[in-house]
Amino acid sequence: MHLYLHIPFCARRCSYCDFAIAVRRTVPSGAFQTALLQEWEVRNREWPWEGTTLRTIYLGGGTPSSLSPEALTGLLTQIRANRAVTADVEITLEANPEDVTTANAEQWRQLGVNRVSLGAQSFDPGALTWMHRTHGGDQIGRAVTTLKRVGIANVSLDLIFGLPEAIPRDWSRDLRMAFALEPDHLSLYALTVEPHTPLGKWVDRGAVRLAPESRAADEFLEAHEMIVARGWHHYEVSNAARPGAESRHNLAYWRRASYLGIGPSAHSATQERRMWNVRHWEDYRQRVALSQSTIEGEEHLTAAQIRLEELYLGLRTTQGVPVEDVPSQTAMQWGQEGWAETRHDRLRLTALGWLRLDALVGTLRDF
Ligand code: SF4
């Protein structure tokens, strides 16, 4: 079993960000801890744990590193008091580089955090300013050094590619700088435009021209080549790791394991059911204070939905899917185009195939 905690606070909204966040100069850590633990008390009691132990805990956001160490301690201590965890439990904390001080990192490690996912995005000052990031490029290196020094074993860096050509960002240089820091894991995301974000508004009024798709594709393939040349495992379309440093929490999502998510906007899932919490912090807080359910919606999956989800998630990863789950004509065509390969009775997409992931899975909808 797996647990996700959503911590929604950020100092400002990044230009491309569509996540459920609450922009706060001062993070209400105490109020958040109280609300989350109240939800945990109810959900933990009702959740079908069936005697399992927690294998992973993921603190995502928002910016979990902006929560006070006292609140993080209160949350993790209570969760571990109520739920057994495996001896090698993976505990991930998402962090922004400016929050990684020696004192914070020490406390995170003492709490059992053994994996930090660092929102780096780029080392280029112009790109960071354009993205509304709150850190400078030099803070990324200092954060990685600090985390390694205090003994946090697994450090991941997030990088964004496919920025507009007008942004003077050198992707090759960013990749080299990222690898030079010797992280254990990289998450690589293409810039996407969501409505209601600052970027969405800039694009609407013609202030920003997006990069052509070929630029994002070239940058993705360049990253893939560097990952493979380094002996790393590009194990999911957006994720690569030193062998053995893959994110166990995210692998659980792609393998359709059950997980409980708590906090504003958090999603939970069992094999046949998905549910999600109310999105906004103030709404969430009010519901908890009134002892109302935080769950906003849920859906039961049909057999056809489960099958399509298994295909989609399987093809995202190097695990692929059983070859018999894809029409033989389709598998043959994908192989001829260089989009997929068959190994040990499993069909898996190549990097070229991952560039077309949604379209390829779309063709399987009616099979
Ligand atoms: S730090 Fe992350 S969650 Fe917060 S606004 Fe930026 S991208 Fe969104």
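Let's start at Glu50: with a relative accessibility of 72%, this residue counts as exposed, because exposed means over 50%. Keep in mind as you explore that the model is predicted. Glu50 sits in the loop between α1 (29-46) and β4. Its backbone is worth a look too, since Glu50 is not a glycine and yet has a positive phi of about 50 degrees. Most residues other than glycine have a negative phi, and most peptide bonds are trans.

Ser265 is another residue other than glycine with a positive phi, near 70 degrees. You can find Ser265 in the loop between β11 (259-262) and β12 (267-269). Is Ser265 buried or exposed? At 15% relative accessibility, Ser265 counts as buried, because the cut-off for buried is under 20%.

Here is how some residues of this model compare with the solvent in mind.

| Residue | Relative accessibility | Class |
|---|---|---|
| Glu50 | 72% | exposed |
| Ser293 | 46% | partly exposed |
| Ser265 | 15% | buried |
| Cys14 | 13% | buried |
| Cys10 | 12% | buried |

Ser293, from the table, belongs to the loop between α10 (281-289) and β14 (295-300). Its side chain reaches the backbone nitrogen of Ile295 at 3.0 Å. Along the chain, Ser293 and Asn277 are 16 residues apart, and their C-alpha atoms are separated by 8.7 Å.

Now for the ligand. Which residues are around the ligand? They are Cys10, Arg12, Arg13, Cys14, Tyr16, Cys17, Phe19, Ile21, Gly62, Thr63, Asn96 and Arg133. Sorted by class, this shell has six nonpolar, three polar and three charged residues. Two of its cysteines appear in the table: Cys10 is buried at 12%, and Cys14 is buried at 13%. A search of the whole structure for disulfides finds zero.

Gly62, also around the ligand, has a backbone feature of its own. A cis peptide bond joins Gly61 and Gly62, with omega at about 15 degrees. Gly62 lies in the loop between β4 (54-61) and α2 (69-82).

Finally, look at an open sheet of three strands, ordered β15-β17-β16, where the pairing is antiparallel. Its edge strands are β15 (321-322) and β16 (340-343), each of which pairs on one side only. How many bridges join β16 to β17? Four bridges link β16 to β17 (residues 346-349), and the two strands run antiparallel. To follow one of the bridges yourself, start at Thr342, whose bridge partner in β17 is Leu347.

Notes. Residues are numbered from 1 along each chain as its sequence is written. This is a predicted model: local features need pLDDT of at least 70, side-chain atom pairs count only at pLDDT 80 or more; totals for chains, interfaces and linings use all residues. Side-chain values use heavy atoms; hydrogens and water are left out. Two strands pair if DSSP finds at least two bridges between them. A residue is near a molecule or strand if one of its heavy atoms lies within 4 Å of it. Ala, Val, Leu, Ile, Met, Phe, Trp, Tyr, Cys and Pro count as nonpolar, Asp, Glu, Lys and Arg as charged, and the others, Gly among them, as polar. A disulfide is a pair of cysteine sulfur atoms within 2.5 Å. Buried means under 20% relative accessible area, exposed over 50%, partly exposed in between (1.4 Å probe, protein chains only). A polar contact is a pair of N or O atoms within 3.5 Å; within protein, one must be able to donate a hydrogen and the other to accept it, and residues adjacent in sequence count only if both atoms are side-chain atoms.
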